[in-house]
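Biologist: I am new to this structure and would like a close look at a single part of it. Please take one strand, describe its surroundings, and then turn to the sheet found elsewhere in the chain.

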Amino acid sequence: MRTTRRTLLLTGASVVGAPAILAIGRAANTIKLTISHGAPPYVKMLAELGQKFMARHPETEVEFIANGDNWDLLLQNTLREAFVGDLPDATWQSLAYAQTLARRGISQPLEKSSGSVEKLAMLGLSRPLIDAILVNGKNYSLPFGTTIPVVYYNMDLLKRAGLAGAKLPKSWDEIVDAGKKVASLSGKVNGGYIEYASTNAWMFQNILGTLNGRMMNAEQTDVAFDGSEGLRTLEILAQFGQTNNFDMTLDQARQAFNAGICGVHVRTASGINSVAKAASGQFELQVGQLPIPNPDGRLIGAGHGFFMFAKLPERQRRVWDFISFAIGTDGQAILAKHTGYMPINMITLNDPKFLDQYFAANPYHRSVVERLPITGDQFYFPSTNAVKIADIMAEEMRKVVTRRSAPDRALAEMVQQTRKLL
């Protein structure tokens, strides 16, 4: 990869976080790997990951290059770099882009190194996550971490609303009832908020998944959320909308909950650490699970992982060394230490020693980790209009939550517009 102004700027940024690119016992055949990412807030995590890896593999340097401030921008920059032949050796990206990167011939299959699906399971990956990284039966990524939706509760407000001593709600009916009771309190208090506008219609995908629904058919030729599961998803959103006293943006809702004036908030588990910090000394926080009404239901993670772009065999071998380290016990511990993301290695998560350390640093994650065996990854529409489709779905969900549209009418509009854009 040629040196660019962006590369130079990022190298400096990585050094600020930690000396991730310092030489550690360099061997004569040292190879430097460049790995792009779109998560500048996690530069310290990447720095420690690189530092620990290089201590174990002194023949390989790793340099992390920020190539965007989020997953979407990183993908767009990656597509442009592929067009001009300026790709790094690997990248840390959203698993939702596995199909896009593979079908365009950008990412390289990992099956020669990782082995069959059965061997992937032996590496500690759940079957739903394995399915998320397969494209035409080939493995194009290894997951590094993920997050799922959870329900945040301000227990002080719930107690004020008469729910003292009660167990956390389990069903949507119970969650909505709690939110409605908080909404009836005097003052500028909001009963609840659900992040329906999350990127890529992620919350819709999750509720649909818990009902055992699908976004598209297996052949990806038509939508599959046009039936009873899709309608029930919007009915749940309409039901939750009864807890709202105010229509807020996502950022406003997060600020309101952190300020102690919202009773129930449904959002990603990756925010647990920051929410816990805001709640500390201000109100009692509890974190509950998203209801799964169907016994065959599943959750939709917002997973991320490493993709290989290198084509030369020796560089591919070094990339595989790094990826293997990242998904192993040491790499997963570094992820858990620096971020709110959950590790995905089921073998690691069954290690009592690791769990003791993990829960000591992430005490609210106990109920979250229980859901990882049934957690896959989000769906990304196979179309250049994927972002536009998600925006239309978000707008229809907003109308439903704010009681400006009925679920059946909103579903019909979502289905019609999605089919048109596909």
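Modeller: What follows describes one strand and its partners, and then a sheet with the helices that pack on it. The model is predicted.

The strand is strand 7, residues 149-154. Six of its six residues are buried, so the rest of the structure largely encloses strand 7. In a regular strand the side chains alternate between the two faces of the sheet. For strand 7, both faces are covered: one side carries Pro149, Val151 and Tyr153, the other Val150, Tyr152 and Asn154, all buried.

Strand 7 pairs with strand 9 (residues 262-268) through five bridges, in the antiparallel sense. Here Val150 stands opposite Arg267 of strand 9. Strand 7 is also joined by five bridges to strand 10 (residues 285-289), again running antiparallel. In that pairing Asn154 faces Leu285 of strand 10.

Now the sheet. Six strands form an open sheet in the order 2-1-3-12-6-13, and the pairing is mixed. Strand 2 (60-66) and strand 13 (342-343) are at the edges with a single partner strand each, so each has one side without a neighbour in the sheet. Strand 2 runs parallel to strand 1 (residues 31-37), the two being joined by seven bridges. Ile31 stands opposite Thr60 in strand 2.

Helix 3 (residues 71-84) packs on this sheet and touches strand 1, strand 3 (90-94) and strand 12 (304-308). The direction of helix 3 makes about 140° with that of strand 3. Helix 14 (residues 313-327) lies across strand 1, strand 2, strand 3, strand 6 (142-146) and strand 12, at about 55° to strand 1.

Note on methods
Residues are numbered from 1 along each chain as its sequence is written. This is a predicted model: local features need pLDDT of at least 70, side-chain atom pairs count only at pLDDT 80 or more; totals for chains, interfaces and linings use all residues. Side-chain values use heavy atoms; hydrogens and water are left out. Buried means under 20% relative accessible area, exposed over 50%, partly exposed in between (1.4 Å probe, protein chains only). Helices (H or I, at least four residues) and strands (E, at least two) are DSSP runs, numbered from the N terminus. Two strands pair if DSSP finds at least two bridges between them. Contact means heavy atoms within 4.5 Å. Axes are lines fitted to C-alpha atoms, for helices over the stretch in contact, and angles run from 0 to 180 degrees between N-to-C directions.
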